Amino acid sequence: MDRTEALLKRRLNDDNEILYPDFEEMWGRMEQAGHAGTVSRTDAGAPAPHRHRSWRKFTIAASLSALLVAVPVYAAVQYDWGILLRYRGGVQAALAQNLGQPLGQTITKDGVTLTLHTALTDENRTVILYSLDVGADRESGMWNIQGMSLKDAKGNGDEMEYNYQQWDEKNQRYNGYFESNWTPDQETVKVSLTAKRIESYSQQEVDLNLDTDSPQQQSFPVNRDGLESFSVQPFKEGNERLMLSTAAVFSNSEAKSLAFPQIIAYRDGELVSNSQAGAFGKPGDNGEYTSLQYYKPDDVPKADTVYKLGYTKLERNIDGPWTFDLELSKKKMADATIKTALDLPLEAGDTDNRIEQMVVTPTQIRVSVRSKAKFAELPYVKYALEVDGRKLEGGAWYSTTGDRDLTTLRFERPADLEITKTTSMTLIGKYKVTRHEDDKTPLQLTNISSEKQTLIRETGGIPVQWTYYMQGADLYVETKSDDPHFGGVNQTHIGTGKDRILGKIVTVNFRGEGNNHSIDVYKDFKGTEAAIYMFFYSTNEPNKETRVQLQP
Amino acid sequence: MGNRELFQTYSKEVYRTCYYMVHDAADAEDLCQEVFITLFRSQWQNIDHLKAWIMKVTVNTCLNHLKRRNSLQQKLMANLHLFKGSPEPPVEKLAEQKETKLEWAGYMSRLPVKIRAVLTLRYMHDFSMDEISGMLAIPLGTVKSRQHKGLRLMKKILEETGVQIIAKEEEPYGQNRSTAKASLK
């Protein structure tokens, strides 16, 4: 088979190449129109309605963020039941008020027992607490449940569902919770909770003879457990930080989905922490699994530090399905739920983002905001809710399915907080990030060579440093500013029109994290001069705040 | 297996085939739905080589769609870049492009549709020349010559595009570098 054939075979089958539509939604449309054969066929002749086309622009943002938060599973899990619900204070609160529904169902397979303990379901979400007893095999590694899903009798569920579990040392078992955005459409509903399989994993390490002083990409063959090779390219920024850009090539797609390859550094035998959060799982040009990790150069002196490749290996797989049939009721919770329709701007003068609804249940408070902006991205990064003078920290959840213009701000409800229709409640947004597309002036790079050269130019009134240099055949362009109000340049390009060359991004920066250093690379760059442009930049206002009174 | 299982098992493959055949996410989604409605209406439980039959329905649905769509004007527009290199796209078009990283579908769309169909069945689904001949109702010799021609054209497209196209694959990340949502807990 020649190279073109091999490439075609690989790329046409590469799931990373393609953004799939929402198949559940498609199924729903066909079912509604009577084509799927599972509901009455009275209107079978009618064409199934077509989906809204406007969702496409949001899916990349959503799927990328899902990739980037796929944090390695390296950390050991040794907490008790209380800590399990540390970020689910509202669940603890409802349990304390005895609002939970006892389940007590058990399935055992191959010596492994899954037990469902308690369910909580309300207007906002459904949570099911479970435990997993792996019997004699508890020493062999870490266990997890894959593909947990809740569906009602009609097969409806929600794609925003997930499970999380921790090792319970005292009881020698795992405790976990399953959480779904699905809620019953009537007071009592028959549902089934299914787990596709239960798996155990071990953590493997491979020695890497890595030279962090060399700026070259260094490649290491691995050839085990479906992992073919691992390559690392160090970027050293003086004494500030060491960035390691890595790429793993897999021969087995199953291994790729669970291996979470990463670099582990040991200094005199002690594990060295990363100096800042890395980014994991961005697909490379040829489907590699690429990541960025950071160290402080002082933490990893060359003479005392060894580097290893760490990855997760599948040890056991107990196929399911493990299916539990349940009847859930939201009656107890419904009595203590308040729904309020709102129509308020997120801040004075904001015409793009309006607060639409607030739902207060015994476990959670949700405030939904509808955005007209292009990327449905709220202007503030941090959110809190002030209830009777008490501050609850919350987070923004961008919808990946269904209504993509709607962002939900979620706040867990503490046990001892009473809320009625007259309780004073204020939404607070903090740390404003604004995107600007106004800087279209090119910057002239001259005498491009292996020597690092720095130019300073003002963008939006802020001095920005541009550093450029050749490394091998590639041109690197770095941008940053000492002014913390500068949020960073998103991407650069050289030239315009049909001759435009796009910079390939080396760094991954998150919105509002305060890091404005970006690196782009132009592979196989020819020439000594270039006119360079940016697509857009952002500005940060860490102390800017908006306050919106929601009630009374 | 019922209709839902059939849909769950084959939806991704059908969609992917449609996407690479028509290079338009919205059209591919409509076609994917159309294919399944056709399947559900048929006696698919009685078919022996189910996957081959599903792909036959899929590819033919796409070919029909492309035949309908390709008025003379659209044909000219679609092939302009083959003669001139990429024209500067209008702003809306540019925004659209930034949202997709699906370059390989772009390369495939530059091939004549009949050749595209052969390459998709051969390299996405691994069907034999004989099977493809049966599915598309064309002689074996024609399958072979279309495959050969397709590979030659694809090689040329890959050589022509070079660095700039490879860099373009990164563009969606550029769009999202500073917008990636870090607030998921």
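**Secondary structure and packing in the two-chain model**

From the N terminus on, the elements of chain B run α-α-α-α-α-α-α-α-α-α. This description, like those that follow, refers to a predicted model. The count for chain B is 10 helices and zero strands. Chain A, by comparison, contains seven helices and 33 strands. Buried residues make up 51% of the 185 residues in chain B, and 54% of the 552 residues of chain A count as buried. Within chain B, 70% of the contacts with a separation of 6 or more come from residues 24 or more positions apart. In chain A, 65% of the contacts between residues at least 6 apart in sequence join residues at least 24 apart.

Among the strands of chain A, five form an open sheet in the order S4-S7-S15-S11-S12, with antiparallel pairing. Strand S4 (142-152) and strand S12 (270-272) of chain A stand at the edges, and each has a single partner strand, so one side of each is left without a neighbour in the sheet. On average, neighbouring strands of this sheet are turned by 35° against each other, direction ignored. Strand S7 (residues 188-208) of chain A is joined to strand S15 (residues 305-329) of chain A by 20 bridges, and the two run antiparallel. In this part of chain A, Thr188(A) stands opposite Ser329(A) in S15(A).

A hairpin of chain A is formed by S13(A) and S14(A), with five residues between the strands. Strand S13 (residues 279-283) of chain A is mostly covered, five of its five residues being buried. Four bridges connect S13(A) to strand S14 (residues 289-295) of chain A, and the two strands run antiparallel. Phe280(A) has Ser291(A) as its bridge partner in S14(A). In the same hairpin, Gly287(A) takes a positive phi near 80°.

Aromatic pairs number 15 over all chains. The ring centres of Trp27(A) and Phe40(B) are 5.8 Å apart and the ring planes stand at 80°, so the pair is edge-to-face. This pair crosses between chains, from Trp27(A) in helix H2 (residues 23-32) of chain A to Phe40(B) in helix H2 (residues 25-41) of chain B. Trp27(A) and Phe40(B) are both buried. Both also belong to one aromatic cluster, formed by Tyr20(A), Phe23(A), Trp27(A), Phe7(B), Tyr15(B), Tyr19(B), Tyr20(B), Phe36(B) and Phe40(B).

Charged groups also sit over aromatic rings. Arg435(A) lies over the face of Phe536(A), at 4.1 Å from the ring centre. In chain B, the charged end of Arg122(B) sits over the ring of Tyr123(B), 5.9 Å from its centre.

Two packed helices are described by the angle between their axes and the distance between the axes. Helix H1 (residues 3-22) of chain B packs against helix H7 (residues 113-124) of chain B at an angle of about 150°, with the axes 10 Å apart. The crossing of H1(B) past H7(B) is right-handed. On the side of H1(B), the contact is made by Arg16(B), Thr17(B), Tyr20(B), Met21(B) and Val22(B). H7(B) contributes Val113(B), Arg116(B), Ala117(B), Thr120(B) and Met124(B). Tyr20(B) thus appears both in this helix contact and in the aromatic cluster.

Technical notes:
Residues numbered from 1 in each chain as written. Chains lettered and ligands numbered in written order. Predicted model: local features only at pLDDT ≥ 70, side-chain atom pairs only at ≥ 80, totals over all residues. Heavy atoms only, no water. Pairing = 2+ DSSP bridges. Axes fitted to C-alpha atoms, helices over the stretch in contact; angles between N-to-C directions. Buried < 20%, exposed > 50% of the residue type's maximum accessible area, 1.4 Å probe, protein only. Phe/Tyr/Trp six-rings, centres within 6.5 Å; stacked < 30°, edge-to-face > 60°. Lys NZ or Arg CZ within 6 Å of the ring centre and 35° of its normal. Left-handed = near helix turned anticlockwise from the far one by under 90°. Contact = heavy atoms within 4.5 Å.
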